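Colleague: Could you take a close look at one part of this model for me? I'd like to hear how the helices and strands are put together, starting from the N-terminal annotation.

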Amino acid sequence: MTSLLNKIPQGGWVPFAISAFFLTIMLSWTYGRSKKKEYEADRKMSLPDLDQMLSSYSTYRAPGICFFFTDLRNGIPPIICHYIQHTNSVREILVIVTVRTLPIKTVLVEERYNVGKTGVEGFYRCLIQFGYKDSQSMEGDDFVTLMITKLQDQAESTSEKRKIDAAAERGPVFVLGRTILKANKGWFARFTIEYLYRFLQKNSRAAISALQIPPDKTLQVGMVYEI
């Protein structure tokens with residue numbers, strides 16, 4: 001930088017302008033993503049609160065299985081609470097799915113799907129890890145059949161296995177969460193979040209878009225994060 005200072009009048013300002021442009025893009029994206037993670041970490045739902053919500057009479061447990069995709073790896077993301085509150089219903093079997101693409105060529109099939117129980121009846125968590133050469137197709141019956149097998153392995157009773165089988169017969173639905181950030185404090189935060197970050201978010205390719213999910217069984221749920 002100091003070597004270019006005396007060359008600014010001769011055109012040395014061009015590298016500074018290019019660097020400032022890309023620095024603004026990177027800092028705006030990093031700032032927005034950090035605020036999104038802070039919001040989800042502060043407002044993620046606890047398992048007792050989720051269990052209490054599901055046990056209320058106003059929540060209908062519809063037959064079937066739902067794969068809810070989210071970036072949050074730990075805890076119940078607030079968008080699921082938002083979804084249940086506004087629909088007053090949730091599938092009997094709900095699997096919270098987080099997808100990661102690892103910096104390796106391929107991941108073995110037996111290591112690709114990690115399924116576990118959350119402690120709430122009918123709620124499971126699944127971490128799917130792909131290599132950059134792996135096919136991320138979830139169309140057809142192969143993915144659902146494999147997930148049903150993984151869920152059956154986690155079942156602790158015959159009635160739980162029967163419930164999983166009954167839900168699988170009803171067919172799956174894939175729910176994608178989409179979040180929009182809205183800043184309420186400070187002109188700098190509003191300008192960065194609502195203009196720069198939102199512009200980048202609209203023109204960026206979401207990681208979940210790489211998945212080949214059947215469109216006729218896909219539902220997108222949106223939520224506004226007020227930060």
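Modeller: UniProt, in an unreviewed entry, lists residues 12-31 as "transmembrane region". Keep in mind that what we have here is a predicted model. In it, the chain over residues 12-31 is 95% helix and 0% strand, and the C-alpha atoms at the two ends of that stretch sit 29 Å apart.

Further along come two helices that meet: α3, covering residues 47-55, and α4, covering residues 78-87. Their axes come within 11 Å and cross at roughly 15°. Angles under 35 degrees count as roughly parallel, so α3 is roughly parallel to α4. As for handedness, α3 passes α4 in a left-handed crossing. If you want to find the contact on screen, look for L50, M53 and L54 on the α3 side, which meet C81, I84 and Q85 on the α4 side. Sorted by class, that contact has five nonpolar residues, one polar and no charged ones.

Now the strands. β1 (residues 60-69) pairs with β2 (residues 89-102) in the parallel sense, over eight bridges. To line the two up by eye, start at I65, whose bridge partner in β2 is I93. β2 also pairs with β4 (residues 123-131), again in the parallel sense, this time over nine bridges. For that pairing, a handy marker is V97, which has C126 in β4 as its bridge partner. So β2 is the strand to follow here, as it pairs with β1 and with β4.

Technical notes: Residues numbered from 1 in each chain as written. Predicted model: local features only at pLDDT ≥ 70, side-chain atom pairs only at ≥ 80, totals over all residues. Heavy atoms only, no water. Pairing = 2+ DSSP bridges. Helix = DSSP H or I, 4+ residues; strand = E, 2+ residues; numbered from the N terminus. Axes fitted to C-alpha atoms, helices over the stretch in contact; angles between N-to-C directions. Parallel < 35°, antiparallel > 145°, perpendicular 65-115°, else oblique. Left-handed = near helix turned anticlockwise from the far one by under 90°. Contact = heavy atoms within 4.5 Å. Nonpolar A, V, L, I, M, F, W, Y, C, P; charged D, E, K, R; others polar. UniProt positions renumbered as here; feature names shortened; annotations may be inferred.
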